[in-house]
Amino acid sequence: MTKNVTSKELMGGDDDLPLYAPQKKIYPQRVSGTFRRIKWGLMALCLGVYYLLPLVRWNRGLGAPDQAVLIDFQSQRFYFFFIELWPQEFYYFTGLLILAAFTLFLMNALGGRTWCGYLCPQTVWTDLFYAVERWTEGDRRARIKADAGPLTAARLARRALKQAIWLIIAWWTGGAWVLYFSDAPTLVKDLATFQAPAIAYIWIGILTASTYLLAGHAREQVCLYMCPWPRIQAALTDEWALNVTYKYDRGEPRCSMKKGRDLRALGEKIGECIDCNQCVAVCPTGIDIRNGAQLGCIQCGLCIDACDNVMKRIGRPTRLIGYDNDINVQRRTSGKTELFKPVRSRTVVYAALIATVCAVMLHALLTRSLLDVNVLHDRNPVAVKLSAGAIRNGYTLRFLNKRGFDRVIAVDVDGPANAQIHIVGVDSVTPDRPMIVLARDTTTELRVLVTAPFDEKAEKTQPVKFRITDIGLGEVASATDHFVTP
Amino acid sequence: MSQHNDTDHITGRSTTGHEWDGIKELNTPLPRWWVLTFYATIIWAFGYWVVYPAWPLVSGYTAGVLHYTNRAAVTANLAQLEALRGERMKALGTASLADIEKDPALLALARARGKTVFGDNCAPCHGSGAAGAKGYPNLNDDDWLWGGTLDQIMQTIQFGARSGHAKAHEGQMLAFGKDGVLKSDEIVAVANYVRSLSGLSTRKGYDAAKGEKIFADNCVACHGESGKGNQELGAANLTDKIWLYGSDEATLIETISNGRAGVMPAWEGRLDPSTIKAMAVYVHSLGGGK
Ligand code: SF4
Ligand code: SF4
């Protein structure tokens, strides 16, 4: 494999087949209309949230981070406004993922690839990059003409400007990303003065590169070749889902305006599509929706806007292309009324699942304890006999104080009769009920010894319960284990 | 490949010219970026072979220009870890034993450090959980031959017992039978008397008065008048419920007849001072420390 691969070989010689299909360059045309407006609105919302969220502050008291959304890897905490999650509460993220999946399913059952067309980051950023491209290099026709013509200095300058703006957006995207992982204002300052940790620069680099490549160059290729969702989506959809559909019952047979007029005069039945190809020109994935539902369609609705504009101009009712389903195409053909069924078993099940997961998560969140204790029994030795004949068991207790302030807790033990408790390294003023200070937002691990007089009649293993009580707040938590007599 | 410009009439696309049972294969090539990525991975693989150890040879392997080995990486990591811990271990070395117990951070460090070193060095005799075995004291309980305060434990670890070190603990349980000091019936009597000291049952009809007399004559020097032992000499407390070699009559007869002299090695010189300190704190914190 040391032979150089020439581009000629890659492209295939005259009598050879090509090894690859070059990316077909797509020149989506600018369009205006309802769905374009919705897309602008959602783009502003998504990008606004993404870029600005790390700058939002949230007061959590002295010493605690005041960033509203913060993923703090170093101290293993996740802050989301009033919620603070610990690593062992990672199941909330699992819940969120499950929720996201069901929401995606529900959206899909109702409106096809709504996610793809309006909310997917790939769509949002590509859309933004297209806007830049149009602004710098002109609309569809200008770009096609310029690409076909010679490379002039003016053209080069426009291209350079486009690439520069793309890179700035990509870099800003990467920059906003790292702000979620550290105090944003400090990090911005550190980044500017080259004091920030290397990992921050590396991540900015990765995100800059991926944004620039995916949104600027790979574009629809991501949707067509890289993304698994179109395949999964195709298996999850049904005949009731509302998809961007060309109503061929109304549009066919298509015919140019002039020829159509002539044919209509002759009494022929002619469809309303005037074959102007506007729907194809605006499509960001370069497909022809009139060929029916297809993998390439991301359901962005731009062809609806394009065709509506045409229909308005020629004085015909709009929505020759619109959100519709195959069932209706068939029903109309056979003279029946249109039928929409948003409430079906599939959507009801999804909605119910979403509601259930939400309820479970909310319940878990509202009842989660901010004080906790875990216990681990010594295994080697399980029990120790003391000189006077008493039996002692050792435990490792882990105390969790999830509150943002230090607190004093008392440790009690309910175990064998007359059991006594001692915490190694703690001289308490109340020896039979040791008290310790739990630093805020930390875990404390201590060795605890429980001693009970030897009782021949007692069970070999008896339950022992450690109760901890916050002296100030009265919050309690407990953990149960066993006391073993050899 | 031969020339062919066969086109499929339905799709209007070219075919590969391959045909099976009348079914033709459309020419649907891979996108360029895919192919280029594929070539890039091949080039990457070549780079990998050159840079890292990759190819097995008859008696070894290609070393790669980086001369990377897992072993070297581990060594480097360990060195880095030592450097990282240097500060804290130094703090452990300078703090007094009592201070370590009072400082939660130092206590945690000492316990963690002590635990690993204990596992490496002490576990063969005392067991991995320090529960001991016959002849090897259980370090979790509160019975100490040589004393259970922090300083006493440290002293024992540092110099050992009967270890040959100049500062080691000395003291023997004499062999009263072997050396002909006591006769068999006397040994049985004193053994039963010792059992009675800790509330254990005694042989029916044994001569308690004789046992007490023999004990007073021979044993009190080390074990004390009431049999509570003497930590200066490492003499065991005979009134408690803990027996290093066992408390049954046969074992006691064996002990009295032949004596005992278990050896605890001195760790000074084998372990550095701050590690010994950490170990003393660890053993003390097992629960028996005074
Ligand atoms: S066919 Fe229409 S809805 Fe589908 S991707 Fe193209 S423009 Fe968007
Ligand atoms: S934009 Fe409407 S009228 Fe024009 S080609 Fe497309 S479907 Fe036909």
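**Close-up 1. A:T208 is a buried residue, with a relative accessible area of 13%.** Buried here means under 20% relative accessible area, so A:T208 with its 13% earns that word. Keep in mind as you look around that this is a predicted model. A:T208 is found in helix 9 of chain A, which covers residues 198-218. Who are its companions? Leaving aside neighbours within four places in sequence, A:T208 is in contact with A:L167, A:A170, A:W171 and A:G174.

**Close-up 2. Helix 5 and helix 7 of chain A pack with their axes 9 Å apart.** Helix 5 spans residues 121-137 and helix 7 spans residues 153-179, and the angle between them is about 155 degrees. Angles over 145 degrees count as roughly antiparallel, and therefore helix 5 and helix 7 of chain A are described as roughly antiparallel to each other. Helix 5 of chain A passes helix 7 of chain A in a right-handed crossing. From helix 5, the contact includes A:W125, A:L128, A:F129 and A:V132, while helix 7 contributes residues including A:R155, A:R158, A:I165 and A:W166. The residues of this contact between helix 5 and helix 7 of chain A divide into 10 nonpolar, 2 polar and 6 charged.

**Close-up 3. Ligand 1 sits among residues of chain A.** Four cysteines to look for around ligand 1 are A:C283, A:C297, A:C300 and A:C303. The residues around ligand 1 also include A:V244, A:P284, A:T285, A:I287 and A:G301. Which classes make up the shell around ligand 1? That shell has 9 nonpolar and 3 polar residues, and no charged ones.

How values were computed
Residues are numbered from 1 along each chain as its sequence is written. Chains are lettered from A and ligands numbered from 1 in the order in which they are written. This is a predicted model: local features need pLDDT of at least 70, side-chain atom pairs count only at pLDDT 80 or more; totals for chains, interfaces and linings use all residues. Side-chain values use heavy atoms; hydrogens and water are left out. A residue is near a molecule or strand if one of its heavy atoms lies within 4 Å of it. Ala, Val, Leu, Ile, Met, Phe, Trp, Tyr, Cys and Pro count as nonpolar, Asp, Glu, Lys and Arg as charged, and the others, Gly among them, as polar. Axes are lines fitted to C-alpha atoms, for helices over the stretch in contact, and angles run from 0 to 180 degrees between N-to-C directions. Helices (H or I, at least four residues) and strands (E, at least two) are DSSP runs, numbered from the N terminus. Angles under 35 degrees count as roughly parallel, over 145 as roughly antiparallel, 65 to 115 as roughly perpendicular and the rest as oblique. A crossing is left-handed if the near helix is turned anticlockwise from the far one by less than a right angle, and right-handed if clockwise. Contact means heavy atoms within 4.5 Å. Buried means under 20% relative accessible area, exposed over 50%, partly exposed in between (1.4 Å probe, protein chains only).
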